[in-house]
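Dear colleague,

I am passing the structure on to you below, and after it I set out what was found in it. Please read the notes with the coordinates open beside them.

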Amino acid sequence: MHGFTYTANAARVVFGAGALRHLAREIDALGARRALVLCTPEQSEAAQRVATLLGERAAGIFARAVMHVPIETAREARDEARRLGADCAVAIGGGSTTGLGKAIALDSGLPIVAIPTTYAGSEMTPIYGLTEGGIKKTGRDARVLPRTVIYDPELSLSLPLDMTVTSGLNAIAHAAEGLYAHDGNPITALMAEDGIRAIAKALTMLVNDPQHLAARGDALYGAWLCGTVLGAVAMGLHHKICHTLGGSFNLPHADVHAVILPHALAYNAAHAPEAMVRIARALGSRDAAQGVFELAVAHGAPTSLRAIGMPPDGLDRAADLAATTPYPNPRPLERAALRALLQRAFDGTEPRH
Ligand code: NAD
């Protein structure tokens, strides 16, 4: 075995159907008394339920979380936290809501309790994003890592099936890139492989029965593992392309991940054979890229950038952006091959090695 360095991001995880009932206990364990509850407008009802559970420990609800954390929203939420004298934030929702909690924590050090309801994995990472003047900047800071995460599969029962599938593929993408990360290690590899396995298995059950609680539990367990990998090791080409497409062309986050992943894996396949074996094994497939593509097709996920709103005249710019900024990736970044990758993703054709 090669030598390695592994930094674990410490977070307390409370997992299980109905685990939300432990929220007040977890707030007490943090020594906090006044929680600001965060959510998107669409999840106000869930936030209200959380506030009711918290009783006098709830300082208020801020229900204006939106995708990519605009700096204006972050400022409003920070002001609201100060005005209410909040000493912790409870973020119930997906990556957008967790992201808003992180923006508050970055500024104030307020501890976050995250209650994820998608599979995006942000709750397990010290990575934050803030959008200012149309440009999303990301960074790492230990202060933004949620202190406690409550994974309650009952809360993801309401996640629409299309988002369930794309969000699951988003999680798989973290693990897949983690398996060929230059700073990967045997522990993150274990988590990555089991995370992919759990999510792929769960998605197959959820397409037939989105209310299958045990499958929701498996998916959330997988999301936890995949999110942990995302927080621990460096991501490569796939995340870079998704970040570029999401930020520059305002495409939906999880959909972009679903479309790009098979093509990014095909691009890297010959340069990361061990990772490909593990990804394929976790998917129960003979080939990693093809396995992800087939999973997306079989579960009704979008497979083409065209279908999710990518302008055809943006492909050259996207290829330039993907090829110029340096980032770690098993295969060197070749402009022509990246442009061809983007064309295949645009057209929705099968991945090509
Ligand atoms: P999201 O948080 O934007 O949620 C999408 C929509 O689904 C929202 O309207 C939300 O309220 C709704 N929703 C969420 N859970 C639901 C449920 N159980 N039932 C019904 N509706 C529900 O989507 P996301 O994909 O989870 O997060 C995307 C954002 O998170 C992006 O901005 C991305 O960059 C960020 N992200 C950050 C990290 C990180 O480590 N910093 C990791 C992953 C994603």
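The largest cavity holds about 30 Å³ of space, and the structure has one cavity of 30 Å³ or more. Please keep in mind throughout that this is a predicted model. The lining of that largest cavity is made up of Gly93, Gly94, Gly95 and Thr98, together with Pro116, Thr117, Thr118, Ala120, Gly121, Ser122 and Glu123. Sorted by class, these lining residues come out as eight polar, two nonpolar and one charged.

Turning from the cavity to the pockets, the second largest pocket encloses about 400 Å³ of space. Its lining consists of 15 residues, and those that lie nearest the centre of the pocket are Leu179, Gly184, Asn185, Pro186 and Glu274. The elements that contribute two or more residues to this lining are α5 (161-179), α6 (186-206) and α10 (273-283). In terms of class, the lining of the second largest pocket has seven nonpolar, six polar and two charged residues.

Helix α5, one of the elements that line this pocket, also takes part in two helix contacts that you may want to look at together. In the contact with helix α9 (residues 253-268), the two axes are 8 Å apart and the packing angle is about 35 degrees, and the crossing of α5 and α9 is left-handed. From α5 the residues involved are Thr166, Ser167, Leu169, Asn170, Ile172, Ala173, Ala176 and Glu177, and they meet His253, Ala254, Asp255, His257, Ala258, Leu261, Leu265 and Asn268 of α9. The residues of this contact between α5 and α9 comprise eight nonpolar, six polar and two charged.

With helix α8 (residues 237-249), α5 crosses at roughly 140 degrees, and the axes come within 9 Å. Angles over 145 degrees would count as roughly antiparallel, and α5 and α8 are therefore classed as oblique to each other. On the α5 side the contact is made by Ala173, His174 and Glu177, and on the α8 side by Leu237, His238 and His239. By class, the residues joining α5 with α8 are two nonpolar, three polar and one charged. Ala173 and Glu177 of α5 appear in the contact with α8 and also in the contact with α9.

The remaining contact concerns helix α12 (residues 315-324) and helix α13 (residues 335-347), which pack at an angle of about 135 degrees with their axes 9 Å apart. These two helices, α12 and α13, are therefore oblique to each other, and their crossing is right-handed. Leu315, Asp316, Ala318, Ala319, Asp320, Ala322 and Ala323 of α12 meet Arg335, Leu338, Arg339, Leu342, Gln343 and Phe346 of α13. The contact of α12 with α13 is formed by eight nonpolar residues, one polar residue and four charged residues.

With kind regards

Key
Residues are numbered from 1 along each chain as its sequence is written. This is a predicted model: local features need pLDDT of at least 70, side-chain atom pairs count only at pLDDT 80 or more; totals for chains, interfaces and linings use all residues. Side-chain values use heavy atoms; hydrogens and water are left out. Axes are lines fitted to C-alpha atoms, for helices over the stretch in contact, and angles run from 0 to 180 degrees between N-to-C directions. Helices (H or I, at least four residues) and strands (E, at least two) are DSSP runs, numbered from the N terminus. Angles under 35 degrees count as roughly parallel, over 145 as roughly antiparallel, 65 to 115 as roughly perpendicular and the rest as oblique. A crossing is left-handed if the near helix is turned anticlockwise from the far one by less than a right angle, and right-handed if clockwise. Contact means heavy atoms within 4.5 Å. Ala, Val, Leu, Ile, Met, Phe, Trp, Tyr, Cys and Pro count as nonpolar, Asp, Glu, Lys and Arg as charged, and the others, Gly among them, as polar. On a 1 Å grid over the protein atoms alone, a cavity is a set of points where a 1.4 Å probe fits but cannot get out, and a pocket is an open set with protein on both sides within 12 Å along at least five of seven lines; lining residues have an atom within 4 Å of a point. Grid points are joined across faces, edges and corners, and a volume is the space filled by probe spheres set on the points.
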